[in-house]
Amino acid sequence: HSKQGTLPVQYKFYRGVELLAIVTMNKPEPATLTVTVNSVQHTGEYRCTAENNITIAQHSKQMQIRVIVPIRTASLLVIPENGEVEDGKELIFVCSANNGSWPITFSLYRVKEQKPPKQRKENAVSAAFFHKPVSSEAQGQYYCTATNNANMTAQSPVITITVLMATWKKILIAGIILTVLAVIIFLVYYNHFKKQKALMKNVEISKKTATMDYNMKPASEQINEQDVSHITIDETNNVNSKVEKCTDETQDANHKLDG
C-alpha cells in the first residue's frame with residue numbers, strides 16, 4: 001500500500017526474485033494478492049514495489065514466510081535392493097518423505113526390538129542409515145517414520161532383511177568338507193592296504209613254519225612219494241608170496257589125504 005502518490009499506482013509482488021503478480025490500483029486503496037500455500041516451495045521472502053508515472057518504484061520491507069507442510073507418506077528403501085546382503089558387507093537404509101516442510105526427523109525401527117530407534121534430522125526429504133559390517137544379528141524386519149513441525153508422522157511399509165553367508169565362508173566350509181572326505185578315503189584305503197599286507201605276511205610266516213617243522217623231523221619220517229610207492233610194491237610182493245606158499249601147503253595136504 002502506498003500512502004501517497006498520483007493514481008494510478010502499479011504494485012508488483014515478489015517471492016525472492018520471482019515476480020508473482022502485477023496489480024494496478026486506480027483508487028487510493030491497498031493492493032492485495034492471494035497466494036495458495038501448499039508446498040515447501042512456497043516458503044521464502046515476500047515483498048512488493050509501488051510506482052506511478054511520476055516516481056520510480058518504492059520497495060517494501062521483506063517478509064519471511066515459512067510454510068509448514070505435513071508429511072503424508074513415507075517409504076523405506078534398502079541397498080542392496082532385494083534386501084539380501086552378505087555377512088560382512090554394508091547395508092544402507094534410505095527413509096524418504098514424499099513431501100513436507102523441513103526440517104524432517106527420520107527414525108529407523110526394527111520390528112520387536114526394544115532399543116531406541118536410530119534418528120536423523122535433515123533439511124531434506126530423505127535420510128540414509130548405514131549399517132556395516134553386517135552380521136546375522138541384523139537379519140529381521142524394519143520400517144521408518146518421518147515427522148516435522150506439523151506434528152504428523154508418516155510410517156513406511158515393513159521390509160525384510162536377509163543376511164547370507166559370506167562367499168569366503170562358503171569356500172572355507174567347502175574346503176574343510178573336501179579335506180575331511182579326502183582324509184576319510186585315505187584312511188579307508190590305508191587300512192585296507194594294511195590288512196592285505198598283514199594277511200600276506202601271515203601266509204608267508206605259515207609257509208616258513210611248515211617248512212621248518214618238516215625239516216626238523218627225523219630222516220626216517222621224511223618220506224617222499226617215490227618211497228611210498230616202493231613200500232607199497234614191496235608189501236604187495238610179500239602178500240603175493242604168502243598167497244603162493246599157502247597154495248602149495250594146501251596142495252600138499254590134499255595129496256596126503258589122497259594117499
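Biologist: Strand 8 and strand 11: how many bridges join them, and which way do they run?

Modeller: Keep in mind that this is a predicted model. Strand 8 is joined to strand 11, residues 126-131, by six bridges, and the two run antiparallel. For one pair of residues to look at, find Leu91, which stands opposite His131 in strand 11.

Biologist: Which other strand is joined to strand 8?

Modeller: Strand 6, residues 74-79, is joined to strand 8 by six bridges, again with the strands antiparallel. Here you can look at Ile79, whose bridge partner in strand 8 is Ile92.

Biologist: Okay, and how many residues of strand 8 are buried?

Modeller: The idea is to look at the relative accessible area of each residue: under 20% counts as buried. Strand 8 covers residues 91-97, and seven of its seven residues are buried, so the strand is mostly covered. Try going along one face and then the other. Leu91, Phe93, Cys95 and Ala97 lie on one side, Ile92, Val94 and Ser96 on the other, and all of these are buried.

Biologist: Let's try a single residue. Where is Thr49, and is Thr49 buried or exposed?

Modeller: Thr49 sits in strand 3. Its relative accessible area is 4%, so Thr49 is buried. To see what lies around it, leave aside the neighbours within four places in sequence: Thr49 is then in contact with Gln10, Tyr11, Lys12, Tyr14, Ala57, Gln58 and His59.

Biologist: And what about a residue in a loop, such as His42? Is His42 buried or exposed?

Modeller: Being in a loop doesn't settle it, so check the number. His42 lies in the loop between strand 2 (18-25) and strand 3 (44-51). With a relative accessible area of 14%, His42 is buried. Apart from neighbours within four places in sequence, its contacts are Arg15, Thr36, Val37 and Val67.

Biologist: Arg15 is in that list. Which residue forms a salt bridge with Arg15?

Modeller: First the general idea: side chains of opposite charge can pair when their charged atoms come close. In this case, Arg15 forms a salt bridge with Glu18, and their closest N and O atoms are 3.1 Å apart. The two ends have their own labels, too. Arg15 is at 15% relative accessibility, so Arg15 counts as buried, while Glu18, at 41%, counts as partly exposed.

Biologist: How many salt bridges does the structure hold?

Modeller: Six. Among them is the one between Lys89 and Glu86, at 3.7 Å from N to O. Lys89 is partly exposed, at 46% relative accessible area, and Glu86 is partly exposed as well, at 25%. Glu122 and Arg120 also meet in a salt bridge, this time at 2.9 Å, N to O. Arg120 has 34% relative accessibility and counts as partly exposed.

Biologist: Now for the surface. Which residues make the nonpolar surface patch?

Modeller: For a patch like this, look for nonpolar side chains within 5 Å of one another on residues with over 30% relative accessible area. The patch here has an area of about 1100 Å², and its residues are Leu172, Ile173, Ile176, Ile177, Leu178, Val180, Leu181, Ile184, Ile185, Val188 and Tyr189.

Biologist: Let me pick Leu178. Where is Leu178, and is Leu178 buried or exposed?

Modeller: Look in helix 1, which spans residues 167-215: Leu178 is found there. Its relative accessible area is 58%, so Leu178 is exposed.

Key:
Residues are numbered from 1 along each chain as its sequence is written. This is a predicted model: local features need pLDDT of at least 70, side-chain atom pairs count only at pLDDT 80 or more; totals for chains, interfaces and linings use all residues. Side-chain values use heavy atoms; hydrogens and water are left out. Patches are made of residues with over 30% relative accessible area and no salt bridge: like charges are joined within 9 Å, nonpolar side chains (Val, Leu, Ile, Met, Phe, Trp, Tyr) within 5 Å. Accessible areas come from the Shrake-Rupley method with a 1.4 Å probe; for residues, only the protein chains shown count as cover. A salt bridge is a side-chain nitrogen of Lys or Arg within 4 Å of a carboxyl oxygen of Asp or Glu. Helices (H or I, at least four residues) and strands (E, at least two) are DSSP runs, numbered from the N terminus. Buried means under 20% relative accessible area, exposed over 50%, partly exposed in between (1.4 Å probe, protein chains only). Contact means heavy atoms within 4.5 Å. Two strands pair if DSSP finds at least two bridges between them.
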